[in-house]
Amino acid sequence: MPPPAALHPTACQHQSTLALVDLMRLQSLRALPTLAVWLAVLCAASPARARRLLDDAPAPAPVPSSPAQPFSLPPLPYYYSALEPWIDTETMQLHHDKHHQAAVDKLNAAVANRSSLWFGGDVSQLVRLAGTDAVPAEIAEAVRNNAGGHYNHQVDAGGAEQLFWTLMAPKDDPEDNQPVGELADAIWAQYDSFDAFKQLFNEAAVARSGCGWAWLIIGADKRLSITTTPNQDGPLMAALVPEPGTPVLVVDVHEHAYYLLHRNRRQGYLDSWWNVTNWEQANEYYAAALANY
Ligand SMILES: [Fe+2]
């Protein structure tokens with residue numbers, strides 16, 4: 001079923017919003033008069049649209065890190081509404097701005113003003129240390145939950161360390177969204193078909209009880225593997241998970257990822273998620289992961 005056209009922002013709306021957000025990000029006195037004119041014209045022409053465009057704008061750029069706040073929340077790489085009608089705008093806003101932000105805030109509170117030498121200010125390094133003696137005992141649980149929570153959703157950790165948010169994207173033909181590149185070849189070679197792979201992945205994701213994540217990873221044998229983790233654990237936590245590896249694809253199966261639109265129907269959410277899976281990005285992570293072994 002094609003997505004309802006009314007739920008898709010037009011190209012004009014996107015371009016208008018992009019221009020507006022770019023102006024806001026300039027944050028300079030020189031830009032303020034222009035921004036004021038923009039808003040005045042927009043509000044006069046259509047107050048409802050102006051409000052909706054502002055509501056739909058991605059979160060502002062994160063503040064620079066400091067010893068007290070070494071981590072910050074990057075904005076999404078697309079608009080909150082970009083994944084409609086498969087993933088709804090309000091869920092994206094709450095998920096990113098509240099749930100992910102909460103993990104960042106709690107992580108900062110746990111590691112604030114501690115020397116960052118032991119993790120280099122790098123959340124992926126902190127995740128790798130979870131469950132080891134390198135993490136002070138008094139913050140071990142906070143690091144496990146919140147470094148994991150930040151890393152698993154992460155937008156711009158750099159290189160192949162970017163995960164959940166980047167692994168979704170609006171698609172021209174969402175109902176025929178297929179793996180691409182070498183990752184596609186590997187999936188077909190190992191699982192016989194995309195449908196067979198998808199079924200196994202769905203079964204694993206649905207079977208993960210409570211909160212957690214379903215992953216496609218590369219293990220030390222360079223083969224793909226489908227695995228799941230509870231809560232905010234992930235495959236980089238070698239000291240904590242039974243099947244460590246390098247992430248290629250991941251879906252968040254916490255209810256906060258789908259509860260407004262899909263209610264308790266995790267399979268319905270997964271069916272939608274396959275329509276916005278960013279296979280181009282997953283293929284890049286696959287290539288980077290192989291190159292690192
Ligand atoms: Fe989440």
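**Exercise 1. Classify Asp192 as buried or exposed, and describe its backbone.**

Solution. Asp192 has 10 other C-beta atoms within 10 Å, so Asp192 is exposed. The cut-offs are these: a residue is buried if 20 or more other C-beta atoms lie within 10 Å of its own, exposed if 12 or fewer, and partly exposed in between, with C-beta atoms placed from the backbone. Next, place Asp192 in the chain: it sits in the loop between α7 and α8. Helices (H or I, at least four residues) and strands (E, at least two) are DSSP runs, numbered from the N terminus. Last, look at the backbone: phi of Asp192 is near 80°, which is positive in a residue other than glycine.

The structure is a predicted model, in which local features need pLDDT of at least 70, side-chain atom pairs count only at pLDDT 80 or more, and totals for chains, interfaces and linings use all residues. Residue numbers start from 1 along each chain as its sequence is written.

**Exercise 2. State where Asn231 lies and which burial class it has.**

Solution. Asn231 belongs to the loop between β2 and β3. With 15 other C-beta atoms within 10 Å, Asn231 is partly exposed. Its phi is positive, about 50°, although Asn231 is not a glycine.

**Exercise 3. Find which residues of α7 are buried and which side of the helix they occupy.**

Solution. Start with the buried residues of α7, which are Leu183, Ala186 and Ile187. They cover an arc of only 100° around the axis, so they are on the same side of α7. The arc is that of the directions from the helix axis to the C-beta atoms. A general rule helps here: an α-helix has 3.6 residues a turn, so residues three or four places apart point the same way. Now turn to the face away from the buried side of α7, which carries the exposed residues Glu182 and Ala189. Finally, the buried residues of α7 pack against α8 (194–207), β2 (224–230), β3 (246–252) and α11. Two residues are in contact if their C-beta atoms, placed from the backbone, lie within 7 Å.

**Exercise 4. Describe how α7 and α11 cross, and which residues make the contact.**

Solution. The axes of α7 (residues 181–191) and α11 (residues 279–292) come within 7 Å and cross at roughly 80°. Therefore α7 is roughly perpendicular to α11. Axes are lines fitted to C-alpha atoms, for helices over the stretch in contact, and angles run from 0 to 180 degrees between N-to-C directions. Angles under 35 degrees count as roughly parallel, over 145 as roughly antiparallel, 65 to 115 as roughly perpendicular and the rest as oblique. On the α7 side the contact uses Gly181, Glu182 and Leu183, and on the α11 side Ala282, Asn283, Tyr286 and Ala287.

**Exercise 5. Name the residues with the most contacts inside the largest nonpolar core.**

Solution. This core has 58 residues, and those with the most contacts inside it are Val127, Ala147, Val248, Val250 and Ala282. A nonpolar core is a set of buried Ala, Val, Leu, Ile, Met, Phe, Trp, Tyr and Cys residues joined through C-beta atoms within 7 Å. Take Val127 as an example: leaving out residues up to four places away in sequence, Val127 touches Ala147, Gly148, Tyr151, Gly234, Leu236 and Met237.

**Exercise 6. Determine whether His96 is buried or exposed.**

Solution. His96 is part of helix α4 (residues 89–111). His96 counts as buried because it has 20 C-beta neighbours inside 10 Å. From C-alpha to C-alpha, His96 and His153 are 8.5 Å apart in space, and they are 57 residues apart in sequence.
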